[in-house]
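User: I am new to this structure and would like to learn how to read it. Could you take me through a few features in turn?

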2 protein chains.
Amino acid sequence: MECRPRFPSLKGIAFDLDGTIYLGQSAIDGAVETLAFLREQGLMVFYFTNASGRTREQVRQKLVGLGLEADLRQVYTSGFACAQYACAASLGEVFCIGTQGLRDELGSRGISVTEDGRSAQAVIVGLDPGFSYDRLAEAGPMIGGDCRLIVCNRDRSFPVEGGRLLPGCGPIVAAVESFFGREADYMAGKPNTFMMELLCQDWGLNKDEIAVVGDSFTSDMEMARRFGCASILIAEEKPAVTFDQMQVVRDIRELKDVLFTSC
Amino acid sequence: MECRPRFPSLKGIAFDLDGTIYLGQSAIDGAVETLAFLREQGLMVFYFTNASGRTREQVRQKLVGLGLEADLRQVYTSGFACAQYACAASLGEVFCIGTQGLRDELGSRGISVTEDGRSAQAVIVGLDPGFSYDRLAEAGPMIGGDCRLIVCNRDRSFPVEGGRLLPGCGPIVAAVESFFGREADYMAGKPNTFMMELLCQDWGLNKDEIAVVGDSFTSDMEMARRFGCASILIAEEKPAVTFDQMQVVRDIRELKDVLFTSC
């Protein structure tokens, strides 16, 4: 029996990664099959992550390693978005608190990373497992003046194997903001809609043609709400508040029934 | 000619240290003579600092090295205050993000410092030049549960030689609060009045008998305002807003004329 789409205008789905597609080094049950099914039905699949430590190519390789189809252009990370934003803002030299992956994203947009506080036009902040008091102190000369502060995201933490929580980009951003005595000028990642805008621009889509799927109410769903597109939360329990155009499923496999009828 | 006190009820003065008594490794011009003069006139001198990296004994040694008289009991640091607070709160085991100096202050109040998240009753945060992403991650197991979060202060930065700014305790506190997803339960240092309360209790003074002298409007003057005692700001320019019971002088040497007549 042929599948009939419930939302005929829908052309693509932006999937959150951590907690939605994989957890640590393992694909989430049902993710690989569900995404393959959606592709077969003609939907485009995009990958949306606030992860800022890895390049989009590194993320793509991880997805492929888990058995998913992934083209580089379908992968959106907050580090990539940050670099796109810096490029659009015509920044030439920036100081970076972040990984080599973030520096590579900046470099690939023609932005040079400098350690010289006098020439830096912005401080870019991403997740940095090498972050330290000394590294923060090195940003000191950039306090004041007209150096901009651009951050990948404010995620508090992320879970790793064994239920342990590691600090996300948010605590590093909070430390930098406290030291600088002001809030960041721009945040590129979720729940900001910048990655959605990039995607729609790159692929010629509009907000009626794209839906967001993720496990975070405050990040994925909030981004979709702000952007004005449909969203589907994967969660054990329905949140107390829901949005227009937002649905809730318990398992990624249920997407099939939410999006198609008579399959 | 004999000096006559302008404020006969005044018995002691609480001096801020950094920027008021010394800057880096040098005493501020006029500080040593002024404090000696005030002592000769029968005023008690106290030292009040948000510095949390050194023990009060280390601070006392620095003061003595600069030519000032200083008894250990006259020195109040936010690290010492933090330890006093933890002791009064009957905390037995705490996890500490801070220097050996802070650990020593905690230890000297009978509080043991543990690395075991399961037994820590509080996370204590002070200035820590060894702070890092990994150290923050080690506090992860204490997120949630009933572990308290107690911090020395929220100072953004402090100046060092050459006009350079180094991160203060505030950025470290901000990182921990972001990771924990909640604000600290208690801050022991300025502008909280806890150090003033300790002082008054230790020395049997009340708020009419003590004045605060410092160079920071938001820290020293704000503490005095909250506590309800007199204060004197040492500043090049008069701030836009002043408080009742607050005066402004340009140089520590002017204290003599503010506090006494006919000297």
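Analyst: Start with how the copies are compared: they are superposed by least squares on the C-alpha atoms of residues with pLDDT of at least 70 in both. The model is a predicted one. Chain B falls on chain A after a rotation of 180 degrees with 0.0 Å of shift along its axis, and the RMSD is 0.0 Å. The two copies are therefore related as by a two-fold rotation axis.

User: Which residue of chain B comes closest to the rotation axis?

Analyst: That is B:Ser132, whose C-alpha is at 2.0 Å from the axis. Both copies use the same surface, as 100% of the contact residues of chain B recur in chain A.

User: How do I read the sheet in chain A, and in what order do its strands lie?

Analyst: Look at the order, the sense of pairing and the edges. In chain A, six strands make an open sheet, ordered 6-5-2-14-15-16, with parallel pairing. Its edge strands are strand 6 (75–77) and strand 16 (246–249) of chain A, each of which pairs on one side only. From one strand to the next, the twist averages 20 degrees.

User: How many bridges join strand 5 and strand 6 of chain A?

Analyst: Three bridges join strand 5 (residues 44–49) and strand 6 of chain A, in the parallel sense. A:Thr49 has A:Thr77 in strand 6 of chain A as its bridge partner.

User: Which strands of chain A does helix 1 touch?

Analyst: Helix 1 (residues 31–40) of chain A packs on the sheet and touches strand 2 (12–16) and strand 5 of chain A. The direction of helix 1 makes about 140 degrees with that of strand 5 of chain A. Helix 7 (residues 194–203) of chain A lies across strand 2, strand 5, strand 6 and strand 14 (210–214) of chain A, at about 150 degrees to strand 5 of chain A.

User: Which residues of helix 7 of chain B are buried?

Analyst: First, the general idea. An α-helix has 3.6 residues a turn, so residues three or four places apart point the same way. In helix 7 of chain B, the buried residues are B:Phe194, B:Met195, B:Met196, B:Leu198, B:Leu199 and B:Cys200. Just after this helix, B:Gly204 has a positive phi of about 65 degrees.

User: Is B:Thr34 buried or exposed?

Analyst: B:Thr34, in helix 1 of chain B, counts as buried because its relative accessibility is 6%. The B:Thr34 side chain reaches the backbone oxygen of B:Gly30 at 2.6 Å. Beyond its neighbours within four places in sequence, B:Thr34 is in contact with B:Ile252, B:Arg253 and B:Leu255.

Technical notes:
Residues are numbered from 1 along each chain as its sequence is written. Chains are lettered from A and ligands numbered from 1 in the order in which they are written. This is a predicted model: local features need pLDDT of at least 70, side-chain atom pairs count only at pLDDT 80 or more; totals for chains, interfaces and linings use all residues. Side-chain values use heavy atoms; hydrogens and water are left out. Two strands pair if DSSP finds at least two bridges between them. Helices (H or I, at least four residues) and strands (E, at least two) are DSSP runs, numbered from the N terminus. Axes are lines fitted to C-alpha atoms, for helices over the stretch in contact, and angles run from 0 to 180 degrees between N-to-C directions. Contact means heavy atoms within 4.5 Å. Buried means under 20% relative accessible area, exposed over 50%, partly exposed in between (1.4 Å probe, protein chains only). A polar contact is a pair of N or O atoms within 3.5 Å; within protein, one must be able to donate a hydrogen and the other to accept it, and residues adjacent in sequence count only if both atoms are side-chain atoms.
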